[in-house]
Amino acid sequence: MKPRTADKIATALIVFFALLIVAILIGLLGYILVRGLNHISWDFLTSAPQKIRAGGGVGPQLFNSIYLLVLTLIITVPLGLGAGIFMAEYARPGKLTNFIRLIVEVLSSFPSIVVGLFGLLLIVNTFDLGFSLVSGALALTFFNLPLMVRITEQAFRTVPKQQKEAGFALGLSKWKIVTNVLFPVALPTIITGTILSAGRVFGEAAALMFTAGMSSPRLDFSNWNPSSPTSPLNPFRPAETLAVHIWKINSEGLAPDAAQIAAGASAVLVITVLIFNLAARYFGRVIYRKLTASKRMS
């Protein structure tokens, strides 16, 4: 076979598979959105669900998902930043560093159901935190922390070595170089990765069924006392998230419009994850331009 013919065949195959992947993605998104967009309204997004009557919404579940995401990021981001900076700048090459990196890779490949069972045994039962937002956030920390560590480490390793060497030449300490030279350059990548990981956490269900629970108490959104059992800000209450709610409706929903509620909730979940992805790209570009003083060419 002539090289030119082989090149044309390879190019055609690459284009075909690329278009096939795009078509599958558009088909999945289109199917979910077409079925669910007609059921989305302000009342649907803010009202409580109904068990046996029609017309329920996903307000508490949507709030629980966002609140749980915030709690997870509060725990994950500092730990992930610290571990990633250590692996990139302070850890010496050797067997111990390679072993730590292997552990991080193994944790990132754990199925979410295993993380949920681990959280049930350790966090819910052993630590006696029960089914709560805190239990779910801690379980999702195990699920999300390896990704944050890898994102931070790779972001610091992509910074040109000349910038670090220039800092040492100016007599700056290692900590000053990390915080004032390397971190601003790596920040856009870290923020992009953090937002993308947030979208991944937002759609998680299996780990939360065993930690955050599959039901929510009736919430009083006028009660902002975090210690009250009916307060939406109470981190020690059970919390059914949007993804868990979709699974629950599809498996044991008794409402006459259960299929429509599941379709609308699925569309809300997909739109939210898409917003996370678009926001990651936007904020990454904006912060990069500000930190590098670069402007879009006209």
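Q: Which element gives the largest share of the lining of the largest pocket?
A: In this predicted model, that element is α10, which contributes four residues to the lining. Here is the general idea behind such a search: rolling a probe the size of a water molecule over the atoms shows where empty space is left.

Q: How many residues line the largest pocket, and which lie nearest its centre?
A: The lining is made of 25 residues. Nearest the centre are Pro-49, Gln-50, Lys-51, Gln-61 and Glu-240. The elements that give two or more residues to this lining are α3 (59–90), α10 (242–252) and α11 (258–292). As for volume, the largest pocket has about 620 Å³.

Q: How many cavities of 30 Å³ or more does a search of the whole structure find?
A: Just one turns up. A pocket is open, whereas a cavity is a space where the probe fits but cannot get out. The largest cavity holds about 40 Å³ of space.

Q: Which residues line the largest cavity?
A: You can pick them out in the structure: Ser-65, Leu-68, Leu-69, Leu-140, Val-201, Phe-202, Leu-208 and Thr-241. Helices α3 and α8 (174–202) each supply at least two residues of this lining. The largest share, three residues, comes from α3.

Q: Now let's follow α8. Is Gly-199 buried or exposed?
A: Buried means under 20% relative accessible area. Gly-199, which sits in helix α8, has a value of 7%, so Gly-199 counts as buried.

Q: Which residues is Gly-199 in contact with, leaving aside its neighbours within four places in sequence?
A: Gly-199 is in contact with Val-273 and Phe-276. For another view, take Val-149: Gly-199 and Val-149 are 50 residues apart in sequence, and their C-alpha atoms are 17 Å apart in space.

Q: And back in α10, does Asn-250 count as buried or exposed, and at what relative accessibility?
A: The cut-off for exposed is over 50%. Asn-250 is found in helix α10 and counts as exposed because its relative accessibility is 55%. You can also find Ala-263, which is 13 residues from Asn-250 along the chain, with 9.5 Å between their C-alpha atoms.

Q: How should I read a backbone angle such as phi of Asp-128?
A: Start with the general pattern: most residues other than glycine have a negative phi. Asp-128 has a positive value, with phi near 60°. Look for Asp-128 in the loop between α5 (112–126) and α6 (133–157). Asp-128 is exposed, because its relative accessible area is 64%.

Q: Let's step back to the whole chain. How many helices and strands does the chain have?
A: There are 11 helices and zero strands. The C-alpha atoms fill a box of roughly 70 × 60 × 45 Å along the principal axes.

Q: What share of the residues in the chain is buried?
A: Of the 298 residues, 40% are buried. The accessible surface of the chain is about 17,200 Å², and carbon and sulfur atoms account for 69% of that surface.

Q: What share of the contacts in the chain with a separation of 6 or more comes from residues 24 or more positions apart?
A: Such residues account for 75% of those contacts.

Q: How many positive and negative side chains does the chain have?
A: The chain has 25 positive and 12 negative side chains. The centres of the two sets lie 12 Å apart.

Terms used: Residues numbered from 1 in each chain as written. Predicted model: local features only at pLDDT ≥ 70, side-chain atom pairs only at ≥ 80, totals over all residues. Heavy atoms only, no water. Buried < 20%, exposed > 50% of the residue type's maximum accessible area, 1.4 Å probe, protein only. Contact = heavy atoms within 4.5 Å. Areas by Shrake-Rupley, 256 points an atom, 1.4 Å probe, with all protein chains shown as cover. Lys, Arg positive; Asp, Glu negative; His and termini not counted. Charge placed at Lys NZ, Arg CZ, Asp CG, Glu CD. 1 Å grid on protein atoms, 1.4 Å probe; cavity = no way out; pocket = protein on both sides within 12 Å on 5 of 7 lines; lining within 4 Å. Points joined across faces, edges and corners; volume = space filled by probe spheres on them.
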